[in-house]
Amino acid sequence: MTQERDATRMHDKSRTTAQRGSRRYARLLVTGGAGFIGSCFVRDVLGRRDGTHITVLDKLTYAGNRSNLAPVEADPEQAARLRFVVGDIADPEIVEPLVAEADAVVNFAAESHVDRSILEPVDFLRTDVLGVHVLLEACRKEQARARAGGRAATPRMLQVSTDEVYGSVETGESVEDDRLEPRSPYSAAKAAGELLVRSYFITYGLDVVVTRGSNTYGPYHYPEKLIPLFVTNAIDDQQLPLYGDGRQRRDWLYVADHAGAIGHVLEHAGAGETYNIPGGNERANREVVATLLELLGKPWSLVRSVEDRPGHDWRYAMTGDKLAALGWKNKMSFEVGLAATVDWYLANQGWWRPIKSGEWEEYYRRQYATRLAGSRDAG
Ligand code: NAD
Ligand code: DAU
């Protein structure tokens, strides 16, 4: 009862910065650590060489790629602090022993592509909702063990969520206390996942935190999302399928800044808190595509206006005041980050060319064949 009241009090909206002292976690469980942002987090944390040990749990779906961790696996000192487990976050038998060994769990694992959620939503429910529940239950078991004196502290769990949970933001910027109004199966599943996390804080007093990052870009990005798809297609002089009029707006965040902010929130945020992680680089899709083409020296005529994404969110925008008050500042400018990303895809064709075959070709046909057949000049 007291526990519940304390937990509820911590959610009091008058507490704008529930900052607590800094804490380092020596043993991390990083789920989804073979994906785009998770692998960046793992490379950056191990690269600090501060003795942190990481276990990665990853199902290696189409989006997971063990070679994203090749730079750390090639370095004996870092490799010695990394363990890789192939498995599903929705499987309690795999999850529970790993959570039992961890001081903190950082959950990147998700089905993450909106277009795939429109084609086939069910995997999104399994991983982004049920998977989160399994992780929370495993933390709750460790809380009971800690209370019984079986371990020093309950593991902290950080849930990596998204700005898409706010829905389309026609004007202004979302703040952390705004209503969640997700509009795609992906964002609805992510919202459900983070509401479960919140409920485990309020009901059980679990030590949880949530981050909501904006559109992320950078190296090792699976080439189904706007920037890596358009860069890799343009390198091969293939058409670029721009949805609708391409005037939709996104706020772009460099991957190392997203991963760094997650690490900062993990170590500094108070339990039960949620933090936006904006990029501070709002652009219309057309502008982003024009810049990419300029960097690659390719013509605008590659761009085709195709049938829009159903339920397409027109704009996302968030304020980062709460994160700034916690002491975090992004380092990368959009211009430098985008140029570095284009250079990376030019220099690492051995990474993305194998991905754009097999299952990829079937997905690409399903997603784009009819659209491109009916496409128009993009103006
Ligand atoms: P990603 O698709 O590149 O990687 C997801 C990883 O999770 C893959 O390695 C995959 O194999 C793994 N995975 C999927 N299902 C799993 C399961 N059931 N069990 C274990 N592993 C599983 O995704 P990303 O772009 O790196 O996104 C990481 C997280 O950040 C996601 O939770 C996503 O919702 C969130 N996010 C992404 C962005 C973005 O722009 N990419 C922005 C904000 C938030
Ligand atoms: O905002 C955070 C979210 O950003 C994350 O939670 C998601 O995991 C991540 O996939 C991303 O979602 P978006 O739907 O915004 O990203 P995507 O790259 O798919 O699309 C960016 C914009 O580009 C969007 O307005 C749709 C448009 N687009 C995308 C693709 C793939 C096109 O015009 N053509 C395309 O082929």
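Where is Asp237 found, and between which elements does its loop lie? The legend to Figure 3 takes this up, after a look at the whole chain and at helix H9. The model shown in every view is predicted.

**Figure 1. The whole chain, with its 15 helices and 13 strands.**
The protein chain has 379 residues, and 56% of them count as buried. Its C-alpha trace spans about 65 × 50 × 35 Å along the principal axes. A compact globule with 379 residues would have a radius of gyration near 21 Å, and the chain agrees with this because its own value is 20 Å. Many contacts reach far along the sequence: of those between residues at least 6 apart, 84% join residues at least 24 apart. About 15,500 Å² of the chain is exposed, and carbon and sulfur atoms supply 52% of that area. The chain carries 47 positive and 53 negative charges, and the mean positions of these two sets are 3 Å apart.

**Figure 2. Helix H9, a mostly covered helix.**
H9 runs over residues 226–235. Nine of its ten residues are buried. The buried stretch begins with Ile227, Pro228, Leu229 and Phe230. Val231, Thr232, Asn233, Ala234 and Ile235 are buried too. In an α-helix, residues three or four places apart point the same way, because each turn takes 3.6 residues. After H9 comes Asp237, with a positive phi near 55°.

**Figure 3. Asp237, in the loop that leads from H9 to strand E8.**
This answers the opening question: Asp237 is found in the loop between H9 and strand E8, which covers residues 240–243. Most residues other than glycine have a negative phi. Asp237 is not a glycine, yet its phi is positive, about 55°. Is Asp237 buried or partly exposed? With a relative accessible area of 47%, Asp237 is partly exposed.

**Figure 4. Leu60, a residue with positive phi that is not a glycine.**
The phi of Leu60 is about 50°. Leu60 is found in the loop between E2 and helix H3, and that helix spans residues 70–73. Its relative accessibility is 31%, so Leu60 counts as partly exposed.

**Figure 5. Arg24 and Asp50, a salt bridge between two loops.**
The closest N and O atoms of Arg24 and Asp50 are 3.1 Å apart. Arg24 lies in the loop between helix H1 (2–10) and strand E1 (27–31), while Asp50 lies in the loop between helix H2 (36–47) and strand E2 (53–58), so the pair ties together parts that are 26 residues apart in sequence. How much of each partner is accessible? Arg24 counts as partly exposed, at 48% relative accessibility. Asp50 is partly exposed as well, with a relative accessible area of 31%.

**Figure 6. Asp207 and Arg156, a salt bridge with buried partners.**
The two side chains meet at 2.8 Å, N to O. Asp207 lies in the loop between helix H8 (185–204) and strand E6 (208–213), and Arg156 lies in strand E5 (residues 156–162), so the pair ties together parts that are 51 residues apart in sequence. Asp207 has a relative accessible area of 17% and is buried. Arg156 is buried too, at 0%. Elsewhere, salt bridges that share partners join Arg24, Arg48, Asp50 and Glu267 into one network.

**Figure 7. Glu142 and Arg151, another salt bridge with buried partners.**
Here the closest N and O atoms are 2.8 Å apart. Glu142 is buried, with a relative accessible area of 6%. Arg151 counts as buried at 12% relative accessibility. A search of the whole structure finds 32 salt bridges.

**Figure 8. Glu362, a residue of helix H15.**
Helix H15 covers residues 359–373. Glu362 is partly exposed, with a relative accessible area of 41%. How many residues separate Glu362 from Val132 in sequence? The two are 230 residues apart in sequence, and 29 Å apart in space, C-alpha to C-alpha.

How values were computed
Residues are numbered from 1 along each chain as its sequence is written. Chains are lettered from A and ligands numbered from 1 in the order in which they are written. This is a predicted model: local features need pLDDT of at least 70, side-chain atom pairs count only at pLDDT 80 or more; totals for chains, interfaces and linings use all residues. Side-chain values use heavy atoms; hydrogens and water are left out. Buried means under 20% relative accessible area, exposed over 50%, partly exposed in between (1.4 Å probe, protein chains only). Helices (H or I, at least four residues) and strands (E, at least two) are DSSP runs, numbered from the N terminus. The radius of gyration is taken over C-alpha atoms; the globule rule is 2.2 Å times the number of residues to the power 0.38. Contact means heavy atoms within 4.5 Å. Accessible areas come from the Shrake-Rupley method with a 1.4 Å probe; for residues, only the protein chains shown count as cover. Lys and Arg count as positive and Asp and Glu as negative; His and the chain ends are not counted. The place of a charge is taken as NZ of Lys, CZ of Arg, CG of Asp or CD of Glu. A salt bridge is a side-chain nitrogen of Lys or Arg within 4 Å of a carboxyl oxygen of Asp or Glu.
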